[in-house]
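These are my notebook entries from a session of looking things up in one structure. I kept each entry to a single topic and wrote down what I found.

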Amino acid sequence: MSCLEIYNKDMMKKKEGAEEEETRDGTVDYYGRPSIRSNSGRWVAGIIILVNQGLATLAFFGVGVNLVLFLTRVLQQNNADAANNVSKWTGTVYIFSLVGAFLSDSYWGRYKTCAIFQVIFVIGLSSLSLSSYMFLIRPRGCGDEVTPCGTHSTMEITMFYLSIYLIALGNGGYQPNIATFGADQFDEEHPKEGYSKIAFFSYFYLALNLGSLFSNTILGYFEDEGMWALGFWASTGSAILALILFLVGTPRYRNFKPTGNPLSRFCQVLVAATKKSSMEAPLRGREEMYDEDRQGKNASGDTGRRIVHTEEFKFLDRAAYITARDLDDKKQGGVNPWRLCPVTQVEEVKCILRLMPIWLCTIIYSVVFTQMASLFVEQGAAMKTTVSDFKIPPASMSSFDILSVALFIFIYRRVLEPLANRFKKKDGTKGITELHRMGIGLVIAILAMVAAGVVECFRLKYADKSCTHCDGSSSLSIFWQVPQYSLIGASEVFMYVGQLEFFNAQTPDGLKSFGSALCMMSMSMGNFVSSLLVTMVVKISTEDHMPGWIPRNLNKGHLDRFYFLLAALTSIDLVVYIACARWYKCIKLEAKDEMQDMMSDDENDTDSDDYEEPMKDSRV
C-alpha cells in the first residue's frame, strides 16, 4: 500500500470520527455550527436548566401563592374582587405561554426566547419589590391579619398591576420553552441520550415542585406574617440567580433553529388541499407527491428529519399533489406555497390534528387538579387544624402533594420503568408508553376524588352544623386529607410528566415549544371548566331555597357529592380517552442517514426528472 493510500485512509477515519461526534438530530451550537456530542448538551446542560427551573418556580410562586392575600390585606380589595383578579392574572400567564411558544418556534429559537422572557420576569419582580417597599406597604408592618394598610393612589395601583403583569408575561413566555429547551440537550437518535431525554421530564417536574415547595412554605409563611417586601425581594433574588445561571451555560447548550411561522404553514396546507379538492389521488402514493428533500431542502426546519407519510386525513394529502400549474410555477421561478406543499409540511398538520382529541381528554384531569388549590383548602379549613398549640394552615397541606410527586418520580424511574422494560414488546417498543401513563394518571385521579368525597362524608358526620364561623368546626383532623393530596401527587407524575413527554415527542421539530404550551393550556382550560362547573352546580343545587352542595357554610352543604360528580366525569373521560388513545398513531421520523442515502441517490436525477416524472400518471 502506497504512502498516499495510507494517508487517505487515515484522513477518512478522522473524518468519520469527526462526523460521529456530531449530534444526529440537527442541533447546532450558539454560533450555528453543528453540535459536537462530547462538549455540548447532555446532563451538564440539563442540570443547569433543572436548577434554573427550580429557582424560577420559587420566584414565581413566591408572588403567586399569596397574591390573593396581598390584594385583600394590602390593597383592601374584597374577597370576590381579589379572587377574580387572581384568576385573570393566572389566565394571562397561560395565554402568554402561547406567545412565547409562537416566538420560539417561529423566529427567536428557544435559547433567545428563554433569555428575553427571563429578563422581563426579573424586571417585573424588581418593580413589584420596589413598589411594595417604597409605597404599597404603608404603614410599615401592615398587611398581616391584624394591621390594615392605608389607601393608595391611582399611580401606585397602576404600578402594582404593571409589575405583576410583567411577571405574568415573563414567566408565561419562559415556561413552555424551558422544558423543551432542556429536552433539546439530549439527542433522541442516540440510544443513551434518548433514554436520558425521557428521564429529563421527570426531573424537570420534580424541580418545579421543589421550587414551589420552598415558596409555599418558607416564603408563604413570611408573607402571611406581613413581611411582603422580604418575600418579594427573595423572589427577585432567586429570579436573578436563575437568569445568571442560565446565561453561564450558553456555550454548552444545543439549539434547534427556528422554522418560520407555523400558522402560515398550517394555513397553506388547508388552502392548497381545498384548491385541489377535485383532483384524483396519484397511483404511486408518496412517490408522486411533492417532496422538498429531493430538492436538497427540508420542510421541518433544517433538522435533517422528515415525517413518514401516514394514511389518516387523506384530504390533506392533496396539498402535496403536483399539477400542471405547479410545473408552470416551478419553471417561472418557484413553487407557490399556497398551492403546493411538501409532504412533511402536510404531515405536520396531521400531527397537530391527531393530538387534539388526546389534549381535550386531559382537560377534565386539570379540573380535578385545580380542586387542590380551592375546595381542598376550604374543606381543610372546616376540619380540626390544631396540633397541640400549633395551627396548621390548610393551604400548607399541598406539601404532601409535592412530597408525593418526589416519591412517585423516584418509584417510577427506579422501580416501575426498569420492571416494565423487561417486558418490552416484540417490536422493541417500551412497556409503558406515555399514553399508558396518562391513562394511569386518570385512574389515580378518580381514586383521589373518591377519597376526598369519603373524607368529606366523615367530616360532616363529626361537624357542628349550628356554627356561624365554621373554621375548625369538625373534630375530624385535617391530616385525613393526606390520602387525597398524595393521590393527586401520584397522578401528576403519570399525567403531567407523561403529558410533557408525549407532546414533546409527538410534535414536529418546528413545533416543540407549542407542544409544551399545550400542557399549560390544559391547566388553563381546567381552571375555566372548573369555574363553570362550580357555577352550574351551585345554581342547580340551590333551587327551591336549598343551601346547595357548596354553600358558604360547608356543614350545611354536600361537598362530597361534588367530589363524587368529578369522579364520575373523570371516569367517563377515561373511557373516551382510551378510545382516542387506541385510535392515535404516533409520529414516525425517517432516520437521518436513511434520508441522506435517499438524497444521494437522487443526486443522479435532474430537477426535471424529480418534478416531471410523477406527472405521467397525475391528472388535474
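**Entry 1: a buried pair.** I began with two residues and noted that Arg110 is buried and that Asp184 is buried as well. I should say at once that I am working with a predicted model. Looking at the two side chains, I found that Arg110 and Asp184 meet in a salt bridge, with 2.5 Å from N to O. I placed Arg110 in helix 5 (residues 110-136) and Asp184 in the loop between helix 6 (154-183) and helix 7 (191-224), so this pair ties together parts that are 74 residues apart in sequence.

**Entry 2: other salt bridges.** How many salt bridges does a search of the whole structure find? I wrote down 15. One that I looked up joins the side chains of Arg33 and Asp29, at 2.9 Å from N to O. For Arg33 I noted a relative accessible area of 48%, which makes this residue partly exposed, whereas Asp29 has a relative accessibility of 16% and counts as buried because the cut-off for buried is under 20%.

I then turned to Glu456, which forms a salt bridge with Arg459, and the closest N and O atoms of this pair are 2.9 Å apart. Both residues lie in helix 15, where they are 3 residues apart, or about one turn of the helix, and I noted that both Glu456 and Arg459 are buried. I also recorded one network, in which salt bridges that share partners join Arg37, Asp187, Glu193 and Arg254.

**Entry 3: a nonpolar patch.** On the surface I found a nonpolar patch formed by Val450, Val454, Phe458, Tyr462 and Phe564, which together have about 410 Å² of accessible area. Which helix gives the largest share of the patch? I noted helix 15 (residues 434-461), from which 3 residues come. Tyr462, by contrast, has its place in the loop between helix 15 and helix 16 (482-506). With a relative accessible area of 41%, Tyr462 is partly exposed.

**Entry 4: confidence.** Before closing the notebook I looked up the pLDDT values, and I found that the protein averages 81, with 85% of the residues scoring at least 70. Where does pLDDT stay under 50? I wrote down residues 13-19, for which the model has 0 contacts beyond four places in sequence, and residues 593-620, for which the model has 47 such contacts although pLDDT stays under 50 there too.

Note on methods:
Residues are numbered from 1 along each chain as its sequence is written. This is a predicted model: local features need pLDDT of at least 70, side-chain atom pairs count only at pLDDT 80 or more; totals for chains, interfaces and linings use all residues. Side-chain values use heavy atoms; hydrogens and water are left out. Patches are made of residues with over 30% relative accessible area and no salt bridge: like charges are joined within 9 Å, nonpolar side chains (Val, Leu, Ile, Met, Phe, Trp, Tyr) within 5 Å. Accessible areas come from the Shrake-Rupley method with a 1.4 Å probe; for residues, only the protein chains shown count as cover. A salt bridge is a side-chain nitrogen of Lys or Arg within 4 Å of a carboxyl oxygen of Asp or Glu. Helices (H or I, at least four residues) and strands (E, at least two) are DSSP runs, numbered from the N terminus. Buried means under 20% relative accessible area, exposed over 50%, partly exposed in between (1.4 Å probe, protein chains only). pLDDT is the predictor's confidence in each residue, from 0 to 100. Contact means heavy atoms within 4.5 Å.
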